[in-house]
Amino acid sequence: MAAVDLSPLWLSLRVATLSTLVVVLAGVALGWLLARRRFFGREALDAAVTLPLVLPPTVLGYYLLVLLGRGGPVGRAYEALTGSQLVFTWRGAVVAAAAGALPLMVKTARAAVAGVDTQYEDAARTLGKSEWQVFRRVTLPLASRGLVAGAMLAFARALGDFGATLMVAGNIPGRTQTAAIAIYDATQAGRDSDALALVLVLSAAAFALLYATNRLSAAGHDS
Amino acid sequence: MLEVRLRKRLGPEFTLDVDFAAPPGVTVLFGASGSGKTLTLRAVAGLLKPDEGRMSADGRVLFDSDKGIDVPVARRRVGYLFQDLALFPHMTALENVEFAAGDVPRAERRGRAMSLLERLGVAHAAGRRPREVSGGEAQRVALARSLAASPRVLLLDEPLSALDEPVRLRIIPDLKELNEELRLPVLYVTHSRDEALLLGGRAVIYERGRIAAEGPPEELFAAPASETVARLTGVENIFDGVVIARDDAAGTMAVELKGAGGAACRVEVPLGRAGEGARVRVAVRSGDILIAAEEPRGLSARNVLRGRVSSVEERSAHTLVRVESGVTWAASVTRHALEELALAPGREVWLAFKTYSCRVYE
């Protein structure tokens, strides 16, 4: 039996890590906005951000192709700035995985921020602190457990993304073939042992993450 | 000097509408819960926006609806001690105070925070988290934190309500001493008469969003200007009655107080405007009523009533004895008096109080 090619796994980890970074930044900002600011269309924004969670991944992939493709607004802007395109590259896979994982982060971040007693924030304001300092020194640390749990969920989701990634980034071995896609590819080609190896590694990684997330939120309830 | 004039409608039933000035020193905001005391503090701090009004501290405008000025909370320099303190749970006591100490080098911030904790007698708790300190210590840490931000005004929202009496009585002298040094205008919200009297200074009495009376607390409490103030300031005996006779020459009138089940009790009160047959209310402070074990003679007090003890309630500082005599009177006595007179339910006693201890509200 030939050695299993683990490069799809490394690509998956790289894509999931980068998309989690993007998702955490955007998700915390959106979660805070939804939890702490009253504005017109707040619930509509929440619904729009949550859509990827309920839509078939192919629908998400379709939207992303339209947006990120050479004719799409984001794709054109990206190409003008960097000289390369987004679709059918690993960067496209990062965007696809991020779009799928964002709802999980936004939902948990909104709940985590809403769970911080506003009296602490008011107290910080009366002590002369700017809104940014209030957020960074008070809201963020007090919401941190929930935010970390959200980031872990987002990472696990990004690690396992299949449909949207396949549509946006394609299935190019060594370049855009992530673990989830490589498993599909291997079973289609009858390389069952390769598929099994990747399945086991991916399952173990996801389990470890979910277990850690539960431990974190359980610790949060104890205190 | 803190000047507050504000109006805020908070629903069809309640409008906060107050106007007062607080010189350096303690101004007690006194009133029942829901009367608008905390809302006033929130408005001064900038956490509640009035519909209209003007507020200033040390001549600096904090809010002026006519000129469209609404200084953000963070730039008002108003120290606010919340009722449940709001100490940051993820920081130690020292870090809480340091956080408030402003944009100065870390060493300086730490030094300032430490000296404030020392000044308030809680330096030993510096390294502990809020949940690891006692209620009294948390109170002092929160006060240190408010002061670390160099406020121009200090707002204290029932700061001692969560504490046991002994701890409470120890903090008040410290608070007074501290404030004699700082000379800040302090608004102190409470519904405890003892606290108001211990703090002294000035009191503003709130009633359903408005100011019912203001002045030195001992004066307000000794001679309540209205029935509501009497009720708020803890005058225990307030009865409905009817004027039976007026004696213009003596400056007194006789009032029959109506008790439960047709019982009545006649008392002599100072002459008021009410004519014979008019309904009035009579208030007497429990501390103004004497209890005698035998019928007293040769007293100047014009009201001497025979009655029977119905209950004895031990309070923290005194004992309240309820005596049935047509109506149920409450008289406060010391523990020694309670023992010497062997006051117990069922015992026959005489009550005595002066005509001028009675206040009549028409």
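In this predicted model, B:Gly25 stands opposite B:Pro185, a residue of strand S9 of chain B. That pairing belongs to a longer run of contacts between two strands, for S3 of chain B, which spans residues 25–31, is joined to S9(B) by six bridges, and the two strands run parallel.

Strand S9(B) also pairs with strand S8 of chain B, made of residues 153–157, and here four bridges join the two strands, which again run parallel. Within this pairing, B:Leu154 is the residue that stands opposite B:Val186 of S9(B).

The surroundings of S9(B) can be followed residue by residue. The strand covers residues 185–190 of chain B and is mostly covered, with six of its six residues buried. Its side chains can be sorted by direction: B:Pro185, B:Leu187 and B:Val189 point one way from the strand, while B:Val186, B:Tyr188 and B:Thr190 point the other way, and the residues on both sides are buried. Thus B:Pro185, which faces B:Gly25 across the pairing with S3(B), and B:Val186, which faces B:Leu154 of S8(B), point in opposite ways from S9(B).

Turning from this strand to the meeting of the two chains, 14 residues of chain A are in contact with 16 residues of chain B. On the side of chain A that touches chain B, helix H6 (118–126) and helix H7 (131–159) each supply at least two residues, and H6(A) gives the most, with six residues. By residue type, that side of chain A divides into six nonpolar, four polar and four charged residues.

Methods: Residues are numbered from 1 along each chain as its sequence is written. Chains are lettered from A and ligands numbered from 1 in the order in which they are written. This is a predicted model: local features need pLDDT of at least 70, side-chain atom pairs count only at pLDDT 80 or more; totals for chains, interfaces and linings use all residues. A residue is buried if 20 or more other C-beta atoms lie within 10 Å of its own, exposed if 12 or fewer, and partly exposed in between; C-beta atoms are placed from the backbone. Two strands pair if DSSP finds at least two bridges between them. Two residues are in contact if their C-beta atoms, placed from the backbone, lie within 7 Å. Ala, Val, Leu, Ile, Met, Phe, Trp, Tyr, Cys and Pro count as nonpolar, Asp, Glu, Lys and Arg as charged, and the others, Gly among them, as polar.
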